[in-house]
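This note is written for a colleague who is beginning to read protein structures. Please keep the sequence and the model in view while going through the points.

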Amino acid sequence: MEYQEAKNKFISTWGSLGTLWGINKAMAQIQALLFISTEALTTEDIMEELRISRGNTSMNVRQLIDWGIVTKELRPGERKEYFSTEKDVQELARIIAKERSRREIKPVIKALQEVSSIKDDGSAATKELIKQTKALHDLASTANTMLEKLVNQKQNWMTKSLLKLIK
């Protein structure tokens with residue numbers, strides 16, 4: 001496989017996997033392109049390489065910046081903005097895990113807390129709702145606490161954590 005074919009395959013595959021970590025295909029493809037680029041890229045570079053519109057590029061780059069995965073660079077004397085991404089795979093995984101917790105897990109924990117705290121009217125249905133949502137709340141809270149401990153370890157958090165589980 002030649003370079004361009006391998007590059008296209010990586011970007012396409014990473015784009016398809018993007019939905020697994022909570023982002024759309026174009027966002028994942030932009031991140032993949034930046035990940036394998038040797039230097040920061042402009043909006044025009046991204047548009048040309050991925051053959052996507054300026055609006056699609058701008059919107060998705062902004063979202064990647066909001067995720068904390070992409071950073072914007074301004075260069076003195078230039079009007080163009082340059083974009084780059086985290087290159088350390090473990091740090092990238094940590095950032096994604098932290099952001100998914102903030103966007104997905106914590107809102108679910110809050111909703112489960114509210115639902116499991118309803119007034120018990122004594123009916124079997126209410127008791128079952130409280131029991132099951134409290135159990136889910138406790139599970140989600142425990143999982144989130146474990147995830148927070150993992151992502152707050154910073155350096156080689158994934159490797160260290162997996163080794164601890166294996167031992």
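The points below concern one helix, a surface patch and several salt bridges in this predicted model.

1. Extent of helix H5. Helix H5 covers residues 89-116, a run of 28 residues. From its first C-alpha to its last, H5 reaches 38 Å, which is close to the 40 Å expected at 1.5 Å a residue. The helix nevertheless has a bend of about 40°, located at Ser101.

2. The N-terminal end of H5. Which residue caps this end of the helix? The cap is Asp88, with a side-chain oxygen lying 3.0 Å from the backbone nitrogen of Gln90. Gln90 itself is among the buried residues of H5.

3. Buried residues in H5. Several nonpolar names appear in the buried group, including Leu92, Ile95, Ile96, Ile109 and Leu112. Charged residues such as Glu91, Arg94 and Glu99 are also buried. Ser101, the site of the bend, belongs to the buried group too.

4. A salt bridge within H5. The side chains of Glu99 and Arg102 form a salt bridge, with N and O 2.5 Å apart. The two residues are separated by about one helical turn, because they stand 3 residues apart in H5. Is Glu99 buried or exposed? Glu99 has a relative accessible area of 9%, so it is buried, the cut-off being under 20%. Arg102, in contrast, is partly exposed at 49%. Arg103 joins these two residues in a network of salt bridges.

5. A nonpolar surface patch. Val115, Ile118 and Leu129 together make up a nonpolar patch on the surface, with about 200 Å² of accessible area. Of these residues, Val115 lies in helix H5. Val115 has 32% relative accessibility and therefore counts as partly exposed.

6. Other salt bridges. How many salt bridges does a search of the whole structure find? The search finds 11. One of the pairs is Arg75 with Glu73, whose closest N and O atoms are 3.8 Å apart. Arg75 is partly exposed, with a relative accessible area of 31%, and Glu73 is partly exposed at 30%. Lys127 and Asp120 form another salt bridge, at 3.1 Å from N to O. Here too both partners are partly exposed: Lys127 has a relative accessibility of 43%, and Asp120 has 39%.

Terms used: Residues numbered from 1 in each chain as written. Predicted model: local features only at pLDDT ≥ 70, side-chain atom pairs only at ≥ 80, totals over all residues. Heavy atoms only, no water. Helix = DSSP H or I, 4+ residues; strand = E, 2+ residues; numbered from the N terminus. Expected span 1.5 Å × (residues − 1). Bend = angle between axes of the 7 residues up to and from the residue. Buried < 20%, exposed > 50% of the residue type's maximum accessible area, 1.4 Å probe, protein only. Polar contact = N/O pair within 3.5 Å; in protein donor to acceptor, adjacent residues only side chain to side chain. Patch = residues over 30% accessible without salt bridge, like charges linked within 9 Å, V, L, I, M, F, W, Y side chains within 5 Å. Areas by Shrake-Rupley, 256 points an atom, 1.4 Å probe, with all protein chains shown as cover. Salt bridge = Lys/Arg side-chain N within 4 Å of Asp/Glu carboxyl O.
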